Amino acid sequence: MRRWLLEHPLFFCLPVQAAVLLHRLSALPMWGDEDASLARAALSSDALLAALHGNVHPPLYALLLRGWLALPWEAPALLRARALSALLVLLATVALTRTWLRPVAPHTRAWFLAVWTLSPALLLYGRMARSYSLQLLLGPLALWLGWRCLQQPGVGAALAYATVVALLLYTHYLPGLAVLAAVALLAAWRLATTREPRWLVPLLVPPLAVALASLAWLPLLDTAVRRVGAATPALVFGHRWLDAGAGLAFTAVSFTVGEMLRPWMVMLAAPLAAGIAVLLWRAARRPPPWAALLLLTAVIAAAGALQWVSVPFVAGRLLFLLPFLLLLLVDGGAQMPRLRAAVCLGLLCMSLAATQAYFARAGFLNKAYVIPVRAIARTIRAHTQGAPRLVLDHHSTNLTPLRRYLPRRAQVLFLVDEASAATAAALADAPGGRPVWLVRAAHDTSPGGLSERIEAAWAARCRLGRRRFVPYGALDHALMALAGWPQQPTHAIELVALRCPPAGAPQRP
């Protein structure tokens, strides 16, 4: 039986992974990017393509989600969208087994599938109504076909690789461009060092084929690349290089022990990290033949992710690299089976603890995933007569789903620039006794502290009420101190109520 399971691990791993990924799809509230996915999927095909013209996202995932939601299945759209993501992760598991895991030893494959099946990063990102799971399916497959194209240059192999890369580019630009550039750079290097004409095939055929397949979308790709190049993500540690290091460290934590950490898990993470470092060091000393391709892809993808998003969101953009980190880890321990077993068992224990924390909504390092938008909406509705008026700080936190739980006539102002800030500040002068609500992150990362300035302008004129959501824990406060935050708020989200007296009533001095 043991030998049979080693030879057919999917018979055990796939049902377990399906049970974990499909269990309580409503466990986490909808967050801003999921709201955007559902909003796009609700558009017609023409309207969807038009909407993405000014966006950094290509259309494949949105079109796929639109078709999936059109199937006759009675369930909320969010749960159906998350189920699609889970299904794509299962397909990614099958694809990895048929490609990258095929040549490895049975015990290495078994350990990989064990830590992969219960990976807390997959649990977090693999159920989101986002394109992460589709990237996870297509990214490693594109790398596999690119590697085969470099091993046996030929037009057929180049076209097969180009087809998957084109699909990946239509899913998300970052992994698609990273893979395409890495394969092209290696092909150029081999052409330069060997001067053999056969290397012209992997150097020229895939980019030309991808360009033809993406011809209608190339201007938008250029626009997206320019936008990313000019982006200035919010800094957590106050310096670009420090934030880059923190982003990579956060990704390493996410990919190994997960982003749902209870205090006792942090204590066990240190010795586990030492074991992981030893195994990865052994893998680096005896690198697999595809290590150069992976390294180039990872460097390019990480540079793009760090340029576009802040520290807590880098891991999601690099999720397609997760299987390679785990594969290097277990393969590096092939000559140290006892250490590998100890590290993998430690990872499995941490994964089970992270899974429990996930469903309990506890220990999340990124509070954006657990903001209770329904509870915030209930509070606003309970204390407002008529249509509520809201100001949402769109820089510090993405709370667009809040609109779904408010009356249709609710007036929502997104705080994005100086003009919207001036409009929001002027609400203190508006007549009437209805409150105006400011929904903001306690740690203001908006340009020039827009939320703080609006709140100060309001407080100078009228009485303010305040409610707080998503409490910070001891680990959060330790990270705040490490980041050098001048203040350490007790909660992540604040709901501020501006209550001006009715017209004709005496104003606050």
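1. Let's start in the sheet, with strand 1. Both of its faces are covered: Arg 389, Val 391 and Asp 393 are buried on one side, and Leu 390 and Leu 392 are buried on the other. Since 5 of the 5 residues of strand 1 are buried, this strand is largely enclosed by the rest of the structure. Please keep in mind as you read that this is a predicted model.

2. Which strands does strand 1 pair with? One partner is strand 2, joined to strand 1 (residues 389-393) in the parallel sense over 5 bridges. Within this pairing, Val 391 stands opposite Leu 413 of strand 2, and Leu 390 has Val 412 as its bridge partner. Another partner is strand 3 (residues 436-441), again in the parallel sense, this time over 4 bridges with strand 1. Here Arg 389 has Val 436 in strand 3 as its bridge partner.

3. Now step back to the whole sheet. It is open, it has 5 strands in the order 2-1-3-5-4, and its pairing is mixed. Strand 2 (411-415) and strand 4 (463-471) stand at the edges; each has a single partner strand, so one side of each lacks a neighbour in the sheet. On average, neighbouring strands are turned by 20 degrees against each other, with direction ignored. Helix 21 (residues 418-425) packs on this sheet, where it touches strand 1 and strand 2, and its direction makes about 135 degrees with that of strand 2.

4. Helix 15 is a good one to trace by eye. It runs over residues 263-285, and its 23 residues reach 34 Å from the first C-alpha to the last, close to the 33 Å expected at 1.5 Å a residue. Where is the kink in helix 15? Look at Ala 269, shortly before the proline Pro 271: the kink there is about 35 degrees.

5. Staying with helix 15, its buried residues are Met 265, Leu 272, Gly 275, Ile 276, Leu 279 and Ala 283. What covers the buried residues of helix 15? The cover includes helix 14 (240-256), helix 18 (322-332) and helix 19 (337-359).

6. Helix 19 deserves a look of its own. Its 23 residues should span 33 Å at 1.5 Å a residue, and its end C-alpha atoms are indeed 33 Å apart, which agrees. Just after helix 19, Arg 361 takes a positive phi of about 55 degrees.

7. Next, the aromatic residues, where the count comes to 12 aromatic pairs. One of them is formed by Trp 31 and Tyr 369, an edge-to-face pair at 4.9 Å centre to centre with 85 degrees between the planes. Trp 31 lies in the loop between helix 2 (10-22) and helix 3 (32-41), and Tyr 369 in the loop between helix 19 and helix 20 (373-382), so this pair ties together parts that are 338 residues apart in sequence. Are these two rings' residues buried or exposed? Trp 31 is buried, with a relative accessible area of 5%, and Tyr 369 is buried as well, at 2%.

8. A further pair is made by Trp 100 and Trp 144: their ring centres are 5.2 Å apart and their planes stand at 75 degrees, so the pair is edge-to-face. It links distant parts of the chain, with Trp 100 in the loop between helix 6 (77-98) and helix 7 (106-117) and Trp 144 in helix 9 (residues 132-151), 44 residues apart. Both Trp 100 and Trp 144 are buried. Ring pairs also link Trp 31, Tyr 125, Tyr 132, Phe 313 and Tyr 369 into a cluster.

9. Two alanines round off the tour. Ala 377 is found in helix 20 and, at 1% relative accessibility, counts as buried. Not counting residues up to four places away in sequence, Ala 377 touches Leu 402, Tyr 405 and Leu 406. Its C-alpha atom is separated by 9.0 Å from that of Arg 404, 27 residues apart along the chain.

10. Ala 230 sits in the loop between helix 13 (218-229) and helix 14. Is Ala 230 buried or exposed? At 61% relative accessibility, which is over the 50% cut-off, Ala 230 counts as exposed. The C-alpha atoms of Ala 230 and Gln 307 are separated by 8.5 Å, although the two residues are 77 residues apart along the chain.

Conventions: Residues numbered from 1 in each chain as written. Predicted model: local features only at pLDDT ≥ 70, side-chain atom pairs only at ≥ 80, totals over all residues. Heavy atoms only, no water. Helix = DSSP H or I, 4+ residues; strand = E, 2+ residues; numbered from the N terminus. Expected span 1.5 Å × (residues − 1). Bend = angle between axes of the 7 residues up to and from the residue. Buried < 20%, exposed > 50% of the residue type's maximum accessible area, 1.4 Å probe, protein only. Contact = heavy atoms within 4.5 Å. Pairing = 2+ DSSP bridges. Axes fitted to C-alpha atoms, helices over the stretch in contact; angles between N-to-C directions. Phe/Tyr/Trp six-rings, centres within 6.5 Å; stacked < 30°, edge-to-face > 60°.
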